[in-house]
Amino acid sequence: MTAPLPLPALWTASEVLAATDGQGPGGWRASGVTIDSRTVQPGDLFVAIKGPNFDGHRFVDEALRRGAVAALVQRRPEGLDDGARLVRVKDSLRGLQDLGRAARRRSSARILGITGSAGKTGSKEALRCALSAQGKTEANAASFNNHWGVPLSLARLPRDAAFGIFEMGMNHAGELSELTQMVLPDVALITNIGLAHLAFFTSPTRIADAKAEIFEGLNDQGAAVLPRDDRQYDRLAATANRLGVRYLITFGRHPEADLRLIKADCGSQTSRVTLELFGETLRYRLPVPGEHWVLNSLGVLAAVRAAGANVETAARAFDNLKAGKGRGAQITVTLPARQGRPGGDIRIIDDSYNANPLSLRAGLKVLAGMTPQAGGRRVVLLGEMLELGEETPRHHAALKDPIVQAGVELALTCGAAMTDLDRQLPAALRGHHFADSQALAEAAVTLLRPGDIVLVKGSLGSQMARVVTALTALGSAADDSGSAETHRRIGEA
């Protein structure tokens with residue numbers, strides 16, 4: 001039997017020591033980088049990050065036993081063998097960031113950065129899909145878009161990557177400035193400016209200013225890709241100009257958009273799109289429903305153009321696009337017959353990963369475009385939208401009209417902020433409010449019936465994923481559209 005070939009070296013010991021100013025033994029090679037001891041693969045470098053809830057140094061021994069070739073640490077954990085291969089640094093998070101910066105310096109890939117109030121992760125995955133057909137492409141795993149996720153993703157960037165895609169998130173001013181200075185994107189895409197994180201900003205204009213920090217990392221030949229329809233477009237464009245961004249590409253319905261939406265036929269499973277691209281017509285298909293996916297795809301193709309890749313090839317590659325778990329994936333659950341009630345299917349739109357006023361309205365539009373089976377209803381199971389500050393009551397109450405317009409016949413809500421919506425709902429929909437998602441899930445499993453189409457959505461902190469878990473446990477489930485995301489122990493840094 002032929003032995004498997006060794007994995008190529010992502011990092012040599014000397015490179016890690018030089019990048020992090022670390023102290024430790026040489027002579028080893030790492031084929032990957034991780035901060036989660038449970039996901040260690042043989043050949044990985046394990047970085048022990050200390051966060052408020054977990055200390056990665058507690059798991060160094062486990063990581064080494066699982067096959068990590070070395071561990072980057074800021075202190076020596078107790079109980080390790082004398083021969084444990086450790087790289088000592090002053091601060092392990094800073095060491096990871098230094099490793100990410102070194103990866104960026106050595107890379108010849110075209111680097112694309114993404115931020116925005118909604119659609120970041122979907123656009124990142126669409127860009128990954130679009131560019132993978134044109135060269136080796138790497139992107140953040142899951143939503144690794146913060147102060148540890150971005151440098152980890154950079155540190156994993158293969159030496160021979162043609163494209164690197166990095167989602168960057170924030171909820172305070174200054175955060176994107178730090179991240180973009182690590183990523184140094186050639187292309188910076190802003191999907192939109194919404195009301196997410198309003199608790200930390202005095203107005204949408206301040207959110208726009210914070211998102212525009214992504215331009216600070218662009219190089220002299222870098223391009224900014226902006227949503228032409230957005231109310232904050234002029235402010236974003238002005239900031240880009242002030243920072244010396246030379247190339248600006250826009251997308252949307254606006255007559256002056258460089259990539260202009262001409263027509264979108266949005267069905268329950270797919271959308272067919274016609275756009276004008278610098279005067280030329282392009283048609284393509286998206287195997288995911290929703291007007292928000294259509295607009296995100298325009299931004300993606302604009303970024304592809306800015307990166308110097310082929311737009312038509314990218315549009316054809318959308319045939320392989322899937323909505324991710326918790327981000328619009330559709331799941332069919334076959335309910336068994338019970339207590340004289342016939343069995344049958346319910347369809348779940350799993351949009352449970354996060355929510356803000358913009359993305360929740362987008363989800364309701366998808367629901368409105370779907371037709372329940374005979375005897376079924378359009379149902380919403382909604383958790384709170386968090387980080388909206390003083391405007392929280394108003395933004396929750398304002399969901400009443402979109403819910404009614406979507407033809408919803410059953411609405412279940414949970415969390416303190418959702419009481420503001422519950423009070424506004426028509427009498428036929430009221431009375432289904434619960435303290436938390438666990439209580440909502442217990443009620444939902446008794447209230448749903450075959451033929452229902454169910455939208456599950458809420459901010460991550462409202463834990464609406466447990467509702468999806470409870471519903472899928474009712475019967476046999478088939479994931480029709482999504483790919484799984486892994487939730488990992490990451491030090492809670």
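**View 1. How helices α3 and α6 cross in this predicted model.** Helix α3 (residues 92–106) packs with helix α6 (residues 175–183) at about 45°, so the two helices lie oblique to each other. Their axes are 8 Å apart. Look for Gln97, Arg101 and Arg104 on the α3 side, where they meet Glu178, Met182 and Val183 of α6. Sorted by class, the residues in this contact are three charged, two nonpolar and one polar.

**View 2. The loop just ahead of α3, with lysine 90.** Step back to the loop between β6 (86–88) and α3, and you'll find lysine 90. Is lysine 90 buried or exposed? Its relative accessibility is 84%, so lysine 90 counts as exposed. For a sense of scale, try proline 227: its C-alpha sits 42 Å from that of lysine 90, and the two residues are 137 places apart in sequence.

**View 3. Leucine 184, in the loop between α6 and β10.** Here's a backbone angle to check for yourself. Most residues other than glycine have a negative phi. Leucine 184 isn't a glycine, yet its phi is positive, about 50°. Its relative accessible area is 34%, so leucine 184 is partly exposed.

**View 4. The buried side of helix α7.** Which residues of α7 (residues 204–211) are buried? They are Ile207, Ala208, Ala210 and Lys211. These residues cover an arc of only 160° around the axis, so they end up on the same side of α7. Helix α6 turns up again here: what covers the buried residues of α7 includes α6, β7 (110–115), β10 (187–190) and α8 (233–242).

**View 5. Helix α8, with a buried side and exposed residues opposite.** In α8, Tyr233, Leu236, Ala237, Thr239 and Ala240 are the buried residues. Why do they share a side of α8? They span an arc of only 160° around the axis, and that puts them on the same side. Helix geometry helps here: an α-helix has 3.6 residues a turn, so residues three or four places apart point the same way. Swing round to the other side of α8 and you'll see Asp234, Asn241 and Arg242, which are exposed. The buried residues of α8 pack against α7, β10, β11 (223–227) and β12 (247–252). After α8 comes glycine 244, with a positive phi near 85°.

**View 6. Alanine 411, a buried residue in strand β19.** Strand β19 covers residues 408–414, and alanine 411 is part of it. With a relative accessibility of 2%, alanine 411 counts as buried. What touches alanine 411, apart from neighbours within four places in sequence? Val380, Leu425, Leu429 and His432 do. Leucine 471 is 60 residues away along the chain, and its C-alpha is 15 Å from that of alanine 411.

**View 7. Glutamine 463, in the loop between β21 and α16.** This loop links β21 (453–457) with α16 (465–472). Glutamine 463 has a positive phi of about 60°, although it is not a glycine. At 43% relative accessibility, glutamine 463 counts as partly exposed.

**View 8. Stretches where the pLDDT is below 50.** Over the whole protein the pLDDT averages 91, and 93% of the residues score at least 70. Residues 1–5 are below 50, and that stretch has zero contacts in the model beyond near neighbours in sequence. Residues 482–493 are below 50 too, but that stretch has 41 such contacts. Where pLDDT is low, don't read the predicted coordinates in detail.

Terms used:
Residues are numbered from 1 along each chain as its sequence is written. This is a predicted model: local features need pLDDT of at least 70, side-chain atom pairs count only at pLDDT 80 or more; totals for chains, interfaces and linings use all residues. Side-chain values use heavy atoms; hydrogens and water are left out. Axes are lines fitted to C-alpha atoms, for helices over the stretch in contact, and angles run from 0 to 180 degrees between N-to-C directions. Helices (H or I, at least four residues) and strands (E, at least two) are DSSP runs, numbered from the N terminus. Angles under 35 degrees count as roughly parallel, over 145 as roughly antiparallel, 65 to 115 as roughly perpendicular and the rest as oblique. Contact means heavy atoms within 4.5 Å. Ala, Val, Leu, Ile, Met, Phe, Trp, Tyr, Cys and Pro count as nonpolar, Asp, Glu, Lys and Arg as charged, and the others, Gly among them, as polar. pLDDT is the predictor's confidence in each residue, from 0 to 100. Buried means under 20% relative accessible area, exposed over 50%, partly exposed in between (1.4 Å probe, protein chains only). The arc is that of the directions from the helix axis to the C-beta atoms.
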